[in-house]
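User: I am new to this one and would like to understand the labels people put on it. Please show it to me, and then I will ask.

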Amino acid sequence: MMLRIRRIYDDVLPLNQENLRQVKDILRSRFSEVAEDEIEAISEKLRNPFKQRFLSILFVAESIKGKVLGFAMLLHEPEIGFAYLDWIATATGRGGGGLGGALYERVRQEAVALKAKGLFFECLPDDEKNCPDKTILKENRSRLRFYEQYGARPIIHTGYEFPVKPEDNCMPHLVYDSLMEQKPLKRAFARKVVQAVLERKYADLCPAEYVNRVVKSFRDDPVQVREFRYVKPEAVVNSVSSRNFEQIALVVNDRHDIHHVRDRGYVESPVRVRSILTELDKSGLFTHIKPQPFPERHLLEVHATDFVRYLKRACNDVPEGKSLYPYVFPIRNKTRPPKEPSVLSGYYCIDTFTPINRNAFPAARRAVDCALTAAREVLNGRRLSYALIRPPGHHAEHRFFGGFCYFNNSAVAAQYLSHYGKVAILDIDYHHGNGQQDIFYRRSDVLTVSLHGHPSFAYPYFSGFGEELGEGEGEGFNLNLPLPEKIDGEGYHKALAKALNRIEAFNPSFLIVALGLDPAKGDPTGTWSLMAKDFRVNGEAIGSLGLPTVVVQEGGYRSRTLGKNALSFFNGLAEALRQWAHSRHEPKNQIHGLSFRQEAVPDDIERIEKLVEITGFFHADEVEVAKELIQERLLKGDTSGYYFLFAEHYGRLVAYTCYGPIPCTLSSYDLYWIAVHPDYQGRGVGRQLLQLTERKIKEAGGDRIYVDTSQRVQYASTRSFYERCGYILESLLVDFYGPGDGKTIYCKKLKKENREQSP
Ligand SMILES: [Zn+2]
């Protein structure tokens, strides 16, 4: 049976969510006694891996089609230095076969990689005295036989099996697997392990004095394990495979060198890939993955069809060894493509130094497959992959090639991943990533960020300015950070921090790094002076985002230092990602960079309409009311009685409130409207906005805020939101909107401002 075992890091990717759902189903069907909240806690353990003061690591075994066949949850205690197998289960329940074995071996590998001094777990007893049920007894025996093959056996002569309550029977054994070789189990270590397991895992079940009694019952030193019962000691599997699953997937364009432009000064040459590869292969950090062919539609999702056809045909038409350089470009009339081949090349190109030749197309097409293969590795649960390819891609736009680039590899990979979650592209080449910018300029689901030499002195000269922010839906989703002609590692690092802040605020599911090595000192196309150690620092900073990351090779032309700089970058990146996975981190739904404003502008009419529609909460006539209120405000100002507060995230309207004084009352206000964009719900935006609205009302002299909503089930989350924000249900108007649909009125009394105490 074909299966793969992968580690699941989060419950964010749709793929992982689906896997988790299946894991929970297996738990429910296999362990009927496990409480539902314990099953649900698995998701939370992934979000906060140190939830139980253990690092939780989840592996799933899945078929090629993605069906979860089994899983294992491993807990790691880094201070005491042991691993504990919390769950191991297969969908069918038959664990002894290939599947259970594969999972157990994977768990052992991980425990060894974590430098655990032993792997522990519980197993129900296999003797009739403690397990009267014949069927269960048989299962328990087959389980303990299975573990014995690895030398793992129950600890004996201790009180681990003491009943917690007098009526408890069939208490589990604690089983010890010494992993590499048969090492004696030291008493002091075993006591710490048992204490940690009982206190942390069974906190609700085991009173402190019980824990104490069990710990003290470990008297032998070394602690004894049972004699072999099922397997001959000499048949024990002692080795643990050294294959490291945390290696970086490396996809090299195996056809890059067919594209070799021998013209003078053409720095984009095959030696670039070779010099990087030599260094990487020595490091042991990477595992080679063969590029897979992907259908052309992936390419056509980012490039115009006529452009792709043109490149294919034009390259094929050039005689072997010859290059065709564009030299005339359409400034005024783009509607009529010329016929003459050398002129036509200028119709699809942005400069005069990127030639059409016989092998450019097949090499570029293969580079695209490599980028897609690397993206798929990450989609499959790997944390880091690297497409080491040429020709590069980041100057290729929707309809243009140029800057040594033909197809935009990073953009194709981003587009592919965008079907599964939001994607950020971070371009750290010395030159502006005009290609991705062009391709995603009107989209808000792919964020494009580029750090580069200012266009006043650096290619591509006509783009890369700070004012290029994106358009329409994509406004605010392109960030250019043009940098001065001279910059060192430290200066670069500061700019990179800004880029990373923006990416963090965007909260993507995937990161694509368009890696240029041309910021390096001595690069013939750049002016900066980054050293190997600076590339490492950059890698660390990017890795600290903790995102599944695809690195795509772009520029970098000083072949003497390419390899060293690339390796430094990956050392930093991989190390930071590893640390991230093994540390406590904030849940990823925090919002940075929110801004608020009160002044309404004419554009708000359309933006409010869109926002209110997308929430899916309101009828068409209610949407009209929302528009009328803002029109009224724009027309009459304060006399309209309608006040607004807008919450924006990088220029995009994400939430707003509309409120105003209630006529004929002394100081009561109505909150007419609050709407939050679905992407921003559950992330504290509504609460922040409401608090700020309350402050504004208080400043205007208000002391009571009323808000009403429907009694229907759909509004339960709205009502509980108000309640959490301190609003109290004042009255219910039965059947107000319709039968069974009453109107609930909430009120919040604002506390009097105590000026002495306020800061
Ligand atoms: Zn470059």
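User: Why is K115 called exposed?

Analyst: The label comes from relative accessible area: under 20% is buried, over 50% is exposed, and anything in between is partly exposed, using a 1.4 Å probe and protein chains only. K115 has a value of 70%, so K115 is exposed. Before we go on, please note that this is a predicted model, where local features need pLDDT of at least 70, side-chain atom pairs count only at pLDDT 80 or more, and totals for chains, interfaces and linings use all residues. Residues are numbered from 1 along each chain as its sequence is written, and side-chain values use heavy atoms, with hydrogens and water left out.

User: What makes the phi of K115 worth a remark?

Analyst: Phi of K115 is near 60 degrees, a positive value, and K115 is not a glycine. Most residues other than glycine have a negative phi. K115 sits in the loop between α3 (98-113) and β5 (119-123). The helix and strand names come from DSSP runs numbered from the N terminus: helices are H or I with at least four residues, strands are E with at least two.

User: Which value of phi does D735 have, and where does D735 lie?

Analyst: D735 is not a glycine either, and its phi is positive at about 55 degrees. D735 belongs to strand β23. With 43% relative accessibility, D735 counts as partly exposed.

User: How many helices and strands are there in the protein chain?

Analyst: The chain has 20 helices and 24 strands. Its C-alpha atoms fill a box of roughly 95 × 85 × 50 Å along the principal axes. Of its 759 residues, 54% count as buried.

User: What makes D429, H431 and D518 donors of the zinc ion?

Analyst: A donor is an N, O or S atom within 2.8 Å of the metal (3.2 Å for Na, K and Ca); water is not among the atoms, so sites may look incomplete. D429 (OD), H431 (ND1) and D518 (OD) lie 1.9 to 2.1 Å from the zinc ion, so they satisfy that limit. Along the sequence, their spacing reads D-x1-H-x86-D. H431 and D518 link distant parts of the chain, 87 residues apart: H431 is in the loop between β13 (423-427) and α13 (434-439), and D518 is in the loop between β16 (510-515) and α15 (532-543). Both of these residues are buried.

User: How do you know that E62 and R6 form a salt bridge?

Analyst: Side chains of opposite charge can pair when their charged atoms come close. Here the rule asks for a side-chain nitrogen of Lys or Arg within 4 Å of a carboxyl oxygen of Asp or Glu. For E62 and R6, the closest N and O atoms are 3.1 Å apart, so the pair meets the rule. E62 in strand β2 (residues 55-63) and R6 in strand β1 (residues 3-8) are 56 residues apart, and the pair links distant parts of the chain. Both E62 and R6 are buried. By this rule, the count comes to 42 salt bridges.

User: Why are R143 and E139 separated by about one helical turn?

Analyst: They are 4 residues apart in helix α4 (residues 134-148), and therefore about one helical turn separates them. Their side chains meet in a salt bridge at 3.6 Å, N to O. R143 has a relative accessible area of 31%, so R143 is partly exposed. E139 also counts as partly exposed, at 40%.

User: Why do R443 and D445 count as partly exposed?

Analyst: R443 has 25% relative accessibility, which means that R443 counts as partly exposed. D445, at 28%, gets that label as well. R443 and D445 form a salt bridge, with closest N and O atoms 3.0 Å apart.

User: What makes the bond between R390 and P391 a cis peptide bond?

Analyst: Omega is about 0 degrees for the bond joining R390 and P391. Most peptide bonds are trans. P391 is placed in the loop between β12 (384-388) and α12 (409-417). Y459 and P460 are also joined by a cis peptide bond, with omega about 5 degrees. P460 is in the loop between β14 (446-453) and β15 (478-483).
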